[in-house]
Every structure is written in structure tokens, then in C-alpha cells.
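This report goes through one protein model, from its interior to its surface. Keep the sequence and the 3D view at hand while reading.

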Amino acid sequence: MIKISIVTPSFNQGKFIEDAIESVLIQDYANFEHIIIDGCSTDNTIEVLKKYPHLIWVSEKDEGQSDALNKGFKKATGNIIGWLNSDDMYLPNTFKNVVHELTDMHVDAVYGNYKFIDSNGKITRELVTQNSKKWMSVFYCFIPSTTFFFKRKIIDQGIFIDKSFHIAMDKEFFSHIYNLGFKIKKVNSFFAHFRWHDNNKSIDTNEVKETRLLEGLEIFNRYTSFKLPKNKFGLSVYIFFMNICGVYRTISRFLKIGLYGKQ
């Protein structure tokens, strides 16, 4: 049986982390490991972790989420690796679906659909993700990290999270994988719950929006043959093209063609 490693970065998410742990346990999949890298939480996180002897975990100072993920990836011993944040959850049968898809030697990573839940675990929205397109990865982070699973050969080739990115580290990670020629496949199944709550890092404050755009420009320059200046003009050009892509995504989603059509 193929071994799956799940890596969970954690910091003061004691309110939710048990849901994440239990969502791995209910997969009915025997050959797995769950690695939790905690950044010295001061809430009840450690008490929760101690309840589960199967966990591989450390609690120590780190440089944030990206650093924690990289530590976990390096500890992973599985053939397939998944990234589950401490406030998110997997849906039943996700592991079996993932293993089925990744037995294809031509597929290196997969992602699926997901559902938004609130702090109480109530489903607020279901989201069907777009089809896998390398060119779109420098404009939009269309891959939900909580549904992303990849073969370990990706980290064996030295691809890790770039710690210099504070908001768009997932987008940079996926673009990096695409641009080294790995095949990422969209699976039309629901894999996970993504939780929105008051302390969610993805909440769009003005500061987060600005950082996301600046980091997006850096990703564009890094993974395309075009190089835009890192000034207001370059950022304006990047936003212009990103808006065009946004319109295309909206039309595709509405008409169920292109990015949202049959693969």
C-alpha cells in the first residue's frame, strides 16, 4: 500500500486542530503518517496533540507557516505528500481517490474541489476549482492547498516553499512545480473543507491585497520570459493582464467551458 504523509503547520489553532487530526483518521487508510510542526503554541494545542500517539510532532520556534511546511516536508517518508492546515479538514475517501489518481505515472500531483465552512464547521459554500493550466498559475492561485497532494519526487528535486513569500507562498510553490515540467491534474471530486474564521490568514485586508499583488508580480517575473519592472507601471501591467484572466475565468465558469469545461 502506498504511504501518504500529511504535513500540518500549526500555531495557536487548538480550537480547530483536533478536527484536522480526526479528518485524517477517518480516511480508513492504514499506511499514513501525520506530521504536525507547531510553532510553540500558547493555547491548548499541545494538550490536543498529546491525545494522539500516532502523531509525529514537534513544537519549536520557527519562521512562520512556510518554514513549518518545509520542516514537515523534509520529515515526510511517504510516497505521496499532502498539505493540511490546522484549521482545515479532509473529506472521507480523499486518500483513496488521491492514490487512485497518482498511480498514473504521467501525473505528479493532483488537486480537487472544496467546501468553505465557518468556525462552527457549517458549510457555507461549495467551490468547483478550475482545470489545471500552467499559464494561469502566475496570475491566480487556483489550486486549493488543502486539496493538493504530490509525489515525493517533487521535494526530492529540491522544490520547497519559498520563505520569502508571506501571502502567495502557495502560488509560488505551484508555479515552480508547473515550470519544472511536472504534471498537475485537476480531479473533479470534493477533497476538503476550508475553514474561514476571524484569524484566517487569507482574509483580504488592504495590506494582504497589496502584498499578494507584489508577490504575484515577482512570481510572474520568475516564471515567464517577460520581465516587468518592479514599480507602479510594472504592477499596473500585471494587474491589467490578471483582470483579463479574471474575466476569462468568470465567463468559463458561467458557461462551463474552457477553464471549467470537461477535461
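The text below deals with a cavity, a pair of residues, a surface patch and two backbone angles.

The model is predicted. It is useful to begin with empty space inside it. A search of the whole structure finds one cavity of 30 Å³ or more. The space in the largest cavity comes to about 30 Å³. Its lining is made up of Ser137, Tyr140, Cys141, Phe142, Ile143, Lys171 and Phe174. Sorted by class, that lining holds five nonpolar residues, one polar residue and one charged residue. Serine falls in the polar class and lysine in the charged class, so Ser137 and Lys171 are the lining residues that account for these two entries.

Next comes a contact between distant parts of the sequence. Ala20 belongs to helix H1, which covers residues 17-25. Although Ala20 and Met89 are 69 residues apart along the chain, their C-alpha atoms are separated by 4.7 Å. Is Ala20 buried or exposed? Ala20 has a relative accessible area of 0%, and because buried means under 20%, Ala20 counts as buried.

The surface offers a contrasting case. Val247, Ile251, Phe254, Leu255 and Ile257 form a nonpolar patch there, and together they have about 520 Å² of accessible area. One of these residues, Leu255, lies in helix H8, which runs over residues 232-255. Leu255 has a relative accessibility of 48%; because this value falls between the limits of 20% and 50%, Leu255 is classed as partly exposed.

The backbone is the last topic. Most residues other than glycine have a negative phi. Asn93 has a positive phi, near 70°, and is not a glycine. Asn93 sits in the loop between strand S5 (89-90) and helix H4 (94-102). Lys256, also a residue other than glycine, has a positive phi near 55°. Lys256 is located in the segment after H8.

How exposed are these residues? The table lists the relative accessible area and the class of each residue discussed above.

| Residue | Relative accessible area | Class |
|---|---|---|
| Ala20 | 0% | buried |
| Asn93 | 43% | partly exposed |
| Leu255 | 48% | partly exposed |
| Lys256 | 65% | exposed |

Lys256 is listed as exposed because its 65% is over the 50% limit. Asn93, with 43%, is partly exposed because its value lies between 20% and 50%.

Conventions. Residues numbered from 1 in each chain as written. Predicted model: local features only at pLDDT ≥ 70, side-chain atom pairs only at ≥ 80, totals over all residues. Heavy atoms only, no water. 1 Å grid on protein atoms, 1.4 Å probe; cavity = no way out; pocket = protein on both sides within 12 Å on 5 of 7 lines; lining within 4 Å. Points joined across faces, edges and corners; volume = space filled by probe spheres on them. Patch = residues over 30% accessible without salt bridge, like charges linked within 9 Å, V, L, I, M, F, W, Y side chains within 5 Å. Areas by Shrake-Rupley, 256 points an atom, 1.4 Å probe, with all protein chains shown as cover. Salt bridge = Lys/Arg side-chain N within 4 Å of Asp/Glu carboxyl O. Helix = DSSP H or I, 4+ residues; strand = E, 2+ residues; numbered from the N terminus. Buried < 20%, exposed > 50% of the residue type's maximum accessible area, 1.4 Å probe, protein only.
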